[in-house]
Amino acid sequence: MSKYAFFLGCVMPMRYPGIESSTREVMKQLGVELFDVEEFSCCPAPGVTRSLQSSTWLAVAAHNLVAAQEAGLDIMVVCNGCFGSLAEAAHMLNHDKDKLAEVNKVLKAAGSKEYKGKTNVNHFAVILQDEIGLDAIAKRVKHKLDGMNVAIHYGCHFLKPSAVKELDNPETPRILDDLVEVTGATSVDYRHKQMCCGAGGGVRANTPDVALKMTEEKLNYLDEIEADIILDVCPFCHLQYDRGQKDLDRETKYPVLHLSQFYGLAFEMDNKLLGFNMHDVPVDL
Amino acid sequence: MFKYGISGFESGHYMGESVYKPDNTFPQQIVERGGTTLLRCFQCGTCTGSCPSGRQTAFRIRKLIRWAQLGIADKVLASEDLWMCTTCYTCQERCPRGVEITDIVMTMRNLAVEAGYMQEAHVRIGGFLAKTGHLLPLKEPMMKARKSLGLDETPPTVLANKKNQELVLNIIKETGFTDLVKKGGK
Amino acid sequence: MTEEENGTSEGEEGKAPTEEAPRIGVFVCDCGLNIAGSVDTQSVADYAGTLPDVVWAGRQKYTCSDPGQMLIEDMIEEHDLNRVVVASCSPRLHEPTFRGTVERAGMNKYQFEMANIREHCSWIHLYDKEGGTDKAKDLVRMAVAKVRLLEPQEETKVRVETTALVIGGGVAGIQAALDLADSGFKVHVVEKEPSIGGKMAQIDKTFPTMDCSICILAPKMSEAGNHPNITLHTYSEVQSIDGYIGNFTAKILHKARYVTTDCTSCGDCADACEQLAPNEFDIGLATRKAIYIPFAQAVPSQYIIDMNTCLGTEPIACGKCKDACEREAVDLEMNDEVVEIDVGTVIVATGVDVYDATAIPEYHYGEYPDVITTMEFERLVNAGGPTSGHLVRPSNMKTPKTVAFIQCVGSRSLKNGHPYCSNVCCMNTIKDSLLIREHYGRDLKIDVYYMDIRAFGKGFEDLYNRSKAEGVRFIRGIPASITEVPDNHDLRIVVEDTSLGRVLTRDYEMVVLSVGMEAAHDAEKVQHLLTLSRTSDGFFLEAHPKLKPVDAPTQGVFLCGCAEGPKDIKDSVTQASAAAARAGILMGAGEVTVEAITAVVDEDLCTSCGLCAKVCPYHAIEVDTKAKTPAHVIEAACAGCGTCAAECAFGAIHQRHFTDQQIEGQIDQATASKAEDLVLTFACNWCSYAGADFAGVSRMQMPPAARVIRTMCSGRISVDFVLRAFANGAPTVLVSGCHLTDCHYINANQQTLKRVEKLWKRFDKWGIRKERLALAWVSAAEGAKFQETITKMSEIAKTVTAKEIKETKDIIARNYKFKAEKMARARAKKAGADPGAANKAKAKAKNGT
């Protein structure tokens with residue numbers, strides 16, 4: 001049974017706790033043990049922190065890597081933003097000795113343990129595919145989702161920058177499509193499937209109307225096809241689509257599900273645990 | 001409208017058009033902070049065409065890169081456009097010249113902040129980080145909602161442990177971030 | 001070898017090996033400011049004048065000019081010089097020039113040596129005049145040391161077979177073959193496809209004059225097919241090429257066509273055939289039968305059976321074609337066969353392949369039916385193509401109303417495809433836009449998306465202007481993505497018009513990706529067949545980019561067409577004629593002189609151990625180890641790599657013009673350098689020395705650490721040389737050569753690898769730092785690698801302390817016996833057995849001093 005330090009981040013525990021409870025239950029059913037680490041903080045979010053002062057971004061990210069290191073665990077994230085910060089910071093620090101020394105100076109001065117440059121950061125979708133495997137997931141599916149058309153939103157910081165992440169081709173990825181279709185649902189193709197939700201980079205905070213316009217454009221592409229739900233692997237994209245559809249007041253509304261919630265459905269988990277009542281767009285599936 | 005400045009000219013106006021004085025150290029600063037690929041750009045526009053933000057706004061990432069190459073720092077640092085990038089990396093992935101555009105945008109944002117340009121919303125959110133170690137506040141109804149799902153009311157992070165929280169706030173302070181967001185910007 | 005010569009070849013320091021006392025002239029060249037700009041040439045010349053046996057030294061502005069050469073001739077006469085050093089550019093450039101000069105003045109041309117103070121010095125140390133000048137002095141001193149020991153040599157001549165082999169039957173290969181055949185030489189053309197014609201046969205019209213491609217090519221194809229001097233080998237591959245300039249032997253594989261030359265191409269067989277496959281000639285836009293002729297104008301006009309399609313999953317052929325053929329030309333039992341031909345010259349015209357646009361997922365080529373590539377477009381507008389020349393959308397077979405061309409697909413990109421400009425795509429698109437205009441008028445809207453239009457050739461700009469005048473819109477900006485609008489297959493492009501800074505979203509009914517050319521996918525195979533080099537972009541490297549543009553670095557081999565780099569038809573044909581002329585010069589002369597650098601055995605010292613024969617890549621040494629007869633070199637077969645000389649433990653075999661004494665003279669002078677970061681560098685003539693030259697020509701800057709000693713092959717570098725350098729106090733030594741599969745002497749550099757690995761093992765045992773001895777494979781195109789290696793080695797050299805050097809000297813003195821010592825012992829033993837010889841040698845030694 002594999003073990004991970006469960007990195008919560010900010011949006012999930014404080015806006016969509018249903019993703020957290022779903023993740024805990026899904027991973028338990030799939031035999032992955034998750035540990036809470038009370039030293040974890042914000043990843044910190046790349047859009048704002050890294051944009052304002054990258055030294056702060058790197059130091060706080062390193063702090064989180066140290067927390068996992070001291071717990072003797074690798075990290076699992078369920079958010080592309082957290083993945084962006086932690087995986088990129090780890091890539092930087094695990095490969096660049098000078099940067100590592102620089103960051104350790106800061107950590108030491110603040111009274112923290114030093115980072116040894118060894119912590120691995122894993123996106124839970126990758127753990128699902130590579131470690132658990134589609135076959136094991138298929139065995140857990142109790143409620144076949146045949147006939148459900150799923151519009152997958154990969155999000156940006158999951159696979160990109162590809163030179164750092166090296167997971168899948170960012171233009172034509174398959175990983176989430178495979179993870180969705182194992183439930184019997186259909187992943188539907190649509191134009192600009194890889195487009196951004198609009199929220200990242202501090203844009204949602206700074207110019208929410210611009211972020212919303214991008215969300216609207218993407219939703220328009222969904223209107224061109226038959227989609228039943230939007231599926232994401234990032235609570236921040238999740239928030240942008242869920243709240244965005246309310247703010248846009250569109251006629252067609254797509255329920256927004258995080259992959260963990262989607263699996264919750266397929267595994268026939270207690271609907272109450274999935275936290276759909278906290279969504280703005282009603283989830284009635 | 002603008003004309004490229006000539007060394008020795010001050011920024012200002014000439015015949016009714018803006019004249020910018022190039023600052024040759026500006027592209028160099030970007031290069032030194034890791035943006036070595038900046039100088040490779042040949043202005044094909046693949047980036048702008050890929051930009052989801054550019055389809056909605058006047059933001060032209062290609063132009064931003066051009067200003068930076070030419071050393072017209074003012075056009076970059078004071079630009080509202082600089083903050084329109086969602087860091088989606090599509091331009092960077094597609095750039096035929098391998099310019100690390102998104103990473104360079106973040107470097108340029110750092111330089112803008114150093115020059116005193118900061119967006120109000122970012123100051124506010126940055127303040128949360130410096131105060132709590134998280135970017136979002138935890139409020140009473142959410143704690144209840146968490147409980148209803150069988151989760152701890154307070155997420156098991158630094159929010160649940162004062163000592164741990166102090167350490168991360170120390171780190172944030174050590175990097176000068178706390179003072180930075182206190183000071184704010186234009 | 002006579003006793004006298006025997007005695008002299010010991011060549012002690014500062015003593016000439018011949019009777020005649022050395023009188024050396026040193027000519028230092030300014031090369032305008034090329035050398036004088038970063039090397040103080042006057043001080044180099046002054047310094048040269050102080051070296052032993054130098055009787056004249058001076059500097060000139062351009063030594064290679066007529067007055068420059070005249071001065072050399074005059075000085076030889078005035079000062080009775082018998083040896084000359086020119087310190088200027090690379091010997092790969094001007095050694096033949098100056099050898100000619102000294103020969104005219106009555107000297108033997110083998111008593112001439114060059115110091116490369118331009119490519120290896122001034123150009124790579126542009127901003128370090130002091131370091132560059134010191135290095136130039138070292139290089140001159142090394143050259144003087146070598147020239148002092150150089151002996152006169154006589155060259156032999158070899159016959160040149162007056163038959164040529166042309167590999168590749170595209171337009172370049174056809175042109176080269178026709179030119180040679182018309183000059184009276186026999187030519188063999190080998191083409192891997194069933195017909196000659198190449199890519200040009202597939203294109204519709206040609207720019208800038210819009211001639212029909214096949215109409216101008218077909219007559220040349222049939223001329224080649226009917227020419228009495230040309231033998232076509234189609235559907236064939238060159239399996240191996242052995243030999244050397246003038247005397248190559250090629251093995252050619254004729255793959256079974258299953259149809260004999262009795263075929264009249266009536267087509268009855270294909271009518272009877274029921275098996276279908278995609279038609280390669282039409283890029284899969286149409287089908288063909290299993291028995292087929294590639295296209296109407298194919299040469300030879302002969303059908304062929306594609307056995308994979310014919311059989312499918314069946315064990316035996318149905319035989320319907322055989323039954324249908326009245327001439328009984330179908331032979332289902334036909335086998336592959338190999339023929340062997342002797343040729344004097346080889347012309348490489350292997351062409352290119354086309355970039356595969358599926359590598360750019362955001363364009364969805366291969367997924368959206370109406371996104372096509374240039375070659376597909378050519379077939380669609382070609383009257384002989386699958387639609388009889390009607391341009392239609394593959395999705396609905398209707399003529400599109402709007403077409404977009406996207407330029408630079410797979411070109412000028414560090415991400416997708418290739419970093420170079422593919423040369424022809426701009427003009428090809430412009431031509432295609434006019435073709436559409438011609439057929440469909442202005443109702444069909446055409447937009448061309450580009451980043452730069454390169455219309456540099458004769459008549460090109462005119463054509464560009466015509467296209468613009470015809471209303472074709474040129475929009476500067478490369479589309480970021482193509483998406484298919486649901487329901488109707490229309491293609492939506494998102495692009496920034498960079499001249500306006502506007503983001504455009506435009507719909508088209510067809511998008512043509514203007515894909516670039518890339519090196520032929522079998523180029524690597526051809527490269528190994530002929531030990532050629534390729535540049536980083538995959539195309540074959542020429543012997544000199546300006547002055548020998550169609551000569552390959554391997555003598556007797558020439559390049560033309562796109563194999564050398566992307567080019568249009570006109571340039572391919574021009575180059576083909578040039579290659580034919582170059583090959584014709586060799587074959588017309590009928591013989592060629594071979595450099596006097598072959599191996600010679602000293603029978604007195606030979607112990608008949610057979611090691612030299614074992615390492616000779618050419619089997620040019622015979623030795624009977626049982627009968628203990630001394631080794632014997634077959635001179636005609638010896639290529640002059642010197643590997644045998646490096647291998648012999650007794651100094652019993654040496655390479656003319658590259659003797660142990662001569663090279664050791666260079667080593668001793670190099671290690672006498674004052675440079676504290678010295679990297680004593682051995683480089684082979686063909687790859688690593690040329691790579692260092694390339695670094696110079698490209699002005700790649702590096703510390704003035706390297707002192708390069710040139711040998712023909714890295715296989716010449718003996719363990720003795722390396723250890724002598726370290727024993728002399730060198731902080732670091734670099735051994736460099738061709739990449740393992742690219743050795744110009746078959747595989748002699750395998751010996752280099754073995755020797756260096758052996759040395760590393762010894763260093764481990766002895767406690768000498770291994771990184772002080774480096775081995776680098778540097779091709780002629782890898783200037784950057786040379787720069788990188790020297791820079792790195794210079795850093796290592798700086799870490800070597802005087803104490804460490806002293807320790808190294810002691811270690812080597814304790815643990816290693818140099819060849820020279822062994823030879824002295826062997827001689828003493830021989831002398832003891834033959835007192836007469838000993839006396840003679842003694843007398844000689846007396847006279848010599």
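# A tour from a hairpin in chain C to the interfaces of chain A

Begin in this predicted model by selecting strand 9 and strand 10 of chain C, which form a hairpin with two residues between them, and look in the turn for G246(C), whose phi is positive at about 85°. Strand 9 covers residues 236-244 and strand 10 covers residues 247-254, and the two run antiparallel, joined by eight bridges. To see one of the pairings, select E237(C), whose bridge partner in strand 10 of chain C is L253(C). Keep strand 10 displayed and add strand 15 (residues 337-343) of chain C, which runs antiparallel to strand 10 and is joined to it by seven bridges; here T249(C) has D342(C) of strand 15 as its bridge partner.

## The parallel sheet of chain C

Next, select strands 8, 7, 6, 16 and 27 of chain C, which in that order make up an open sheet of five strands with parallel pairing. Strand 8 (230-233) and strand 27 (557-559) stand at its edges, each with a single partner strand, so each has one side left without a neighbour in the sheet. With direction ignored, neighbouring strands of this sheet are turned by 20° against each other on average.

Within the sheet, colour strand 6 (residues 163-167) and strand 7 (residues 186-190) of chain C, which pair in the parallel sense over five bridges, and pick out V166(C), which has V189(C) in strand 7 as its bridge partner. Then add helix 7 (residues 171-182) of chain C, which packs on the sheet and touches strand 6, strand 7, strand 8 and strand 16 (345-348), its direction making about 165° with that of strand 7.

## Two backbone features in chain C

Two selections away from the sheet concern the backbone. Most residues other than glycine have a negative phi, and most peptide bonds are trans. In the loop between helix 2 (41-49) and strand 2 (54-60) of chain C, select D53(C), a residue other than glycine with a positive phi near 70°. In the loop between strand 13 (291-292) and strand 14 (304-305) of chain C, select P300(C), which a cis peptide bond with omega of about 0° joins to V299(C).

## The sheet of chain A

Move now to chain A, where four strands form an open sheet in the order 2-1-3-4 with parallel pairing. Its edges are strand 2 (32-35) and strand 4 (121-123), each of which has a single partner strand, so one side of each is left without a neighbour in the sheet. From one strand to the next, the twist averages 40°.

Select strand 3 (residues 75-77) of chain A together with strand 4: the two pair in the parallel sense over three bridges, and M76(A) stands opposite N122(A) of strand 4. Adding helix 2 (residues 17-29) of chain A shows a helix lying across strand 1 (2-7), strand 2 and strand 3, and running at about 140° to strand 2.

Chain A has its own backbone features to inspect. P44(A), in the loop between strand 2 and helix 3 (46-52), is joined to C43(A) by a cis peptide bond with omega of about 0°. In the segment after helix 14 (259-266) of chain A, select E268(A), which has a positive phi of about 55° although it is not a glycine.

## Where chain A meets chain B

Display chain B beside chain A, where 69 residues of chain A are in contact with 57 residues of chain B. The area buried between them is about 5300 Å², of which carbon and sulfur atoms give 64%; M14(A), E38(A) and L52(A) supply 14% of what chain A buries there, more than any other three residues. Three salt bridges are found across this interface, and one to select is that between R146(B) and E20(A), at 2.8 Å from N to O. There are also 24 residue pairs in polar contact, both residues at pLDDT 80 or more. Helix 3 of chain A gives the largest share of the side that touches chain B, seven residues, and by class that side has 32 nonpolar, 24 polar and 13 charged residues.

## Where chain A meets chain C

Finish by selecting the contact between chain A and chain C, which takes six residues from chain A and nine residues from chain C. About 620 Å² is buried here, with carbon and sulfur atoms giving 59% of it, and E171(A), R191(A) and H192(A) lose the most area on the side of chain A, together 71% of what that side buries. The count of salt bridges between these chains is zero, while one residue pair is in polar contact, both residues at pLDDT 80 or more. The residues of chain A that touch chain C divide into no nonpolar, three polar and three charged.

Definitions and conventions:
Residues are numbered from 1 along each chain as its sequence is written. Chains are lettered from A and ligands numbered from 1 in the order in which they are written. This is a predicted model: local features need pLDDT of at least 70, side-chain atom pairs count only at pLDDT 80 or more; totals for chains, interfaces and linings use all residues. Side-chain values use heavy atoms; hydrogens and water are left out. Contact means heavy atoms within 4.5 Å. Buried area is the accessible area (1.4 Å probe) that two parts lose on being put together, summed over both. A salt bridge is a side-chain nitrogen of Lys or Arg within 4 Å of a carboxyl oxygen of Asp or Glu. A polar contact is a pair of N or O atoms within 3.5 Å; within protein, one must be able to donate a hydrogen and the other to accept it, and residues adjacent in sequence count only if both atoms are side-chain atoms. Ala, Val, Leu, Ile, Met, Phe, Trp, Tyr, Cys and Pro count as nonpolar, Asp, Glu, Lys and Arg as charged, and the others, Gly among them, as polar. Two strands pair if DSSP finds at least two bridges between them. Axes are lines fitted to C-alpha atoms, for helices over the stretch in contact, and angles run from 0 to 180 degrees between N-to-C directions.
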